There are 2 protein chains.
Amino acid sequence: MQRYFLTTKQTLTQPFDLDQQTAHHLVTVLRAEVGTQAEFVQPDQQAYLGHVSLIQGNQAQVVLDQRLAKSSEMPVKLIIACGLPKGEKTQLIVQKATELGVFKIIFFAAKRSVARWPLAKRNRKLARLQQIAQSAAEQSHRNLIPCVTYVDSLAALLSETSTKTSRIVAWEESAKQNEQSQLATTFGNLRPNDSLLTIFGPEGGLTVDEVSQMQQHQVQPTGLGPRILRTETAPLYLLAAASYYFELEN
Amino acid sequence: MQRYFLTTKQTLTQPFDLDQQTAHHLVTVLRAEVGTQAEFVQPDQQAYLGHVSLIQGNQAQVVLDQRLAKSSEMPVKLIIACGLPKGEKTQLIVQKATELGVFKIIFFAAKRSVARWPLAKRNRKLARLQQIAQSAAEQSHRNLIPCVTYVDSLAALLSETSTKTSRIVAWEESAKQNEQSQLATTFGNLRPNDSLLTIFGPEGGLTVDEVSQMQQHQVQPTGLGPRILRTETAPLYLLAAASYYFELEN
């Protein structure tokens, strides 16, 4: 069943107008009729089953019928910070990380990032990625849309995230040195609603200087298994491993 | 360090000519010189450290210096069978699944597969995907190149894989019914070198008939967490979860 996010809080059984974009998708793209059901997530992250009650031209009215108890959110908040990669990889990361349950996505200008986002282009790029996050959140039946942001240095990233309970960095050298226990230890220390920030390098990886800077801020280097993962694959590994640990195994 | 796969067995300390494609990549693309080191995987899946001993025009000679004890292969053989998806998604699955340690990739014509591979085009398509698997295996420092194949029906898939120790199917309905324990149980029952086949639907999912047909062949429906994953994301989730379980946690 199709799922949409509402931007204003609605009351059960009270008809309301859908915004233009949602009405267009539901009525024109999916050819919904009066009575067609869909799921709607309120701004408080509660999902509801509703149905189309009226269609007039481009406009559609919906009534929420019943609250859905099930949430599809992870018990912990997983934040990923990715050294800005080239081109379309940002889109792949945002789409797949959203499907895999990420809470927030931060891109940062790493030493070896070839791409940079000048101030003039930043808002447009973030708006596009935020739109991809919303579509992926609807498609994967999330209860929230992950927020996508950008910071222009590692120092800014480290200071912005300093109150997080736990911070790790996925580092190729840790994997080479056969570091195998940090991720499981980190997961084991998290309690419901805790946040975990995981930092990933861009193509070409993080520099030794960047990793030392992180270690000075108590960010633990962590291996993600014995194979070398591309910059866009490593965050997906982390999120899938976390989902397995928190949602299936425990 | 760059890694290549050798197609014929070589002897330690005995110089040998690289094939044309590898020589081109090492000498022209990476600008290797005499003395430049690289890793080479023999047909028996043993990796060696070697160096360039001679460059003449387009040709390059290499000497293997020492065997590398570390293997980056999973302790179990993970086979994925994917309902044939649309267009470029086959390439994404092959590249990412190879990075994530897959043993073999089978595409099969599922009921809801929009694409089909007619006999005349099949070999060309498989050769292209096999090339992507090889590049990804080199890049991620695998010890083997996963084999990519195609079968034209579910019945063929089920009969071809009937001797595998364990077979599961990732099914959206299992996830909706809150099935959460099958994957961990399946992983827990595997012993080193065992094979696990996991079947995934194409866009639009598997039909109820297909899943019953699988269940008649003792293929267990399995949930992959509470979110709905796209056809190309589900196999990556399975492989990352398996890597976490077998390579980091246990």
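Of the 250 residues in chain A, 54% are buried. Keep in mind that this is a predicted model. Chain A also has a partner to look at: chain A and chain B bury about 3,600 Å² between them.

**Chain A by itself**
- Going by secondary structure, you'll find eight helices and eleven strands in chain A.
- Its C-alpha atoms fit a box of roughly 60 × 45 × 30 Å along the principal axes.
- Take the contacts in chain A between residues at least 6 apart in sequence: 73% of them join residues at least 24 apart.
- About 11,100 Å² of chain A is exposed, and 47% of that comes from carbon and sulfur atoms.

**Where chain A meets chain B**
- Each partner brings a share to the contact: 41 residues from chain A and 41 residues from chain B.
- On the chain A side, Arg227(A), Tyr244(A) and Leu248(A) lose the most area to chain B, and together they account for 21% of what that side buries.
- Carbon and sulfur atoms hold 55% of the area buried between the two chains.

**Polar links across the interface**
- There are six salt bridges between chain A and chain B.
- Arg227(B) makes a salt bridge with Glu247(A), where the closest N and O atoms sit 2.7 Å apart.
- Polar contacts between the chains come to 20 residue pairs, both residues at pLDDT 80 or more.

**What the chain A side is built from**
- The elements giving two or more residues to this side are α2 (89-99), α5 (172-176), α6 (182-189) and α8 (234-249) of chain A.
- The top contributor is α8(A), with nine residues.
- Sorted by class, the side of chain A that touches chain B has 17 nonpolar, 13 polar and eleven charged residues.

Terms used:
Residues are numbered from 1 along each chain as its sequence is written. Chains are lettered from A and ligands numbered from 1 in the order in which they are written. This is a predicted model: local features need pLDDT of at least 70, side-chain atom pairs count only at pLDDT 80 or more; totals for chains, interfaces and linings use all residues. Side-chain values use heavy atoms; hydrogens and water are left out. Contact means heavy atoms within 4.5 Å. Buried area is the accessible area (1.4 Å probe) that two parts lose on being put together, summed over both. A salt bridge is a side-chain nitrogen of Lys or Arg within 4 Å of a carboxyl oxygen of Asp or Glu. A polar contact is a pair of N or O atoms within 3.5 Å; within protein, one must be able to donate a hydrogen and the other to accept it, and residues adjacent in sequence count only if both atoms are side-chain atoms. Helices (H or I, at least four residues) and strands (E, at least two) are DSSP runs, numbered from the N terminus. Ala, Val, Leu, Ile, Met, Phe, Trp, Tyr, Cys and Pro count as nonpolar, Asp, Glu, Lys and Arg as charged, and the others, Gly among them, as polar. Buried means under 20% relative accessible area, exposed over 50%, partly exposed in between (1.4 Å probe, protein chains only). Accessible areas come from the Shrake-Rupley method with a 1.4 Å probe; for residues, only the protein chains shown count as cover.
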